[in-house]
Structure formats: structure tokens, C-alpha cells
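Okay, thanks everyone, I'll keep this short. Have a look at the structure on the screen and I'll walk you through a few spots.

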Amino acid sequence: MTGLAPMTVEERRKLNDLARHQFITRMYSEILFDIQVCELEGWDKMEFIRQLQNCLNEFKVVKSVERKVYNVDEVAEILQTTAPRIRKLIHKGYLKAFRIGRVLVRNEDLDEFLAGASGKDYTEGDPVELKGAESQC
């Protein structure tokens with residue numbers, strides 16, 4: 001154990017963005033190299049590009065990049081609250097979740113919770129109806 005603090009969701013996101021940028025740069029470099037080989041060998045560059053396009057189209061079968069599930073810490077960060085409060089909402093059944101090694105919340109279930117949460121205060125766990133100006137905050 002190195003004693004380093006765990007990374008926040010934002011730090012993980014930045015690291016992932018950097019890794020993705022580096023991957024795209026390497027991939028672009030490889031494609032340019034292959035196009036140069038096509039030129040040197042007298043091969044059809046457009047055929048090579050069509051093959052690349054077909055390969056990329058196969059990846060489009062995979063669903064969009066939109067997140068499907070969040071862990072408790074990520075839900076807490078999204079809702080600007082604490083993980084224990086999120087666990088309490090899950091335990092009391094207000095927020096649906098499931099467990100695969102750790103507790104996860106589907107994007108659809110988070111959206112459903114948020115749609116029903118308008119005008120309510122869940123600070124203590126059980127919802128309390130907000131009245132008047134409080135519900136506008």
C-alpha cells in the first residue's frame with residue numbers, strides 16, 4: 001500500500017481522457033503509416049480506408065458511450081451529497097440499486113429517483129415535502 005489517497009471521479013475522468021487522447025494519437029499515427037505503405041506498394045488507399053471504415057462500423061453495434069451504471073460514490077458526487085446518504089436511500093428503497101461485488105445504480109433508476117424527488121427533502125432519509133419557497137431552492 002502506497003498511502004496515496006483514492007482518486008476522485010473527476011481525477012479518474014481526466015486520467016481516462018488523457019489515456020483516450022494518447023490512444024487516438026497512436027491510432028492516427030498507425031493509420032498514416034499504413035497509408036504510406038499503401039503508397040509505396042502501389043496498393044489502393046481507398047480500399048484500405050473502406051476496410052478501416054468497415055472495422056469501425058462493427059464497433060457501432062456496441063451501445064453508446066453513455067454510462068449505464070454508477071457506484072455509490074459516483075451517485076453521491078452527481079447528487080452533491082455523501083455516500084452514506086445514498087446508501088440510506090438505497091436501504092430504505094427510495095433509490096433502486098443492485099450488487100455485483102459492490103452496490104451499483106442504473107442510470108434509469110437514478111433518473112426515476114430524480115423525477116420523483118422534486119419538492120422533497122431526503123436529508124434525514126425519509127422524504128419530507130418541501131413547502132413554498134423551500135421547494136424552489
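**Pocket, salt bridges and one odd loop residue**

So, helix 4 gives the most to the lining of the largest pocket, with four residues. Keep in mind that this is a predicted model. The space in that largest pocket comes to about 300 Å³. It has 14 lining residues, and the closest to the centre are Thr81, Leu89, Phe113, Tyr122 and Thr123. Helix 4, helix 5 (107-117) and strand 4 (120-121) are the elements that each give two or more residues to the lining. By class, you get seven nonpolar, three polar and four charged residues in there.

Now, salt bridges. How many does the structure hold? There are 10. Take Arg12 and Glu74, whose side chains meet at 3.7 Å, N to O. Arg12 sits in helix 1 (residues 9-41) and Glu74 in helix 3, so this pair ties together parts that are 62 residues apart in sequence. Glu74 counts as buried because its relative accessibility is 9%, while Arg12, at 35%, is partly exposed.

Arg20 and Asp17 make another one, with the closest N and O atoms 3.1 Å apart. Both lie in helix 1, three residues apart, which is about one turn of the helix. Then there's Asp44 with Arg50, at 3.7 Å between the closest N and O atoms. Those two are linked with Glu47 in a network of salt bridges.

Last one: Gln80. Its phi is positive, about 55°, although it's not a glycine. Gln80 lies in the loop between helix 3 (72-78) and helix 4 (83-91), and at 75% relative accessibility it counts as exposed.

Note on methods: Residues numbered from 1 in each chain as written. Predicted model: local features only at pLDDT ≥ 70, side-chain atom pairs only at ≥ 80, totals over all residues. Heavy atoms only, no water. Buried < 20%, exposed > 50% of the residue type's maximum accessible area, 1.4 Å probe, protein only. 1 Å grid on protein atoms, 1.4 Å probe; cavity = no way out; pocket = protein on both sides within 12 Å on 5 of 7 lines; lining within 4 Å. Points joined across faces, edges and corners; volume = space filled by probe spheres on them. Nonpolar A, V, L, I, M, F, W, Y, C, P; charged D, E, K, R; others polar. Salt bridge = Lys/Arg side-chain N within 4 Å of Asp/Glu carboxyl O.
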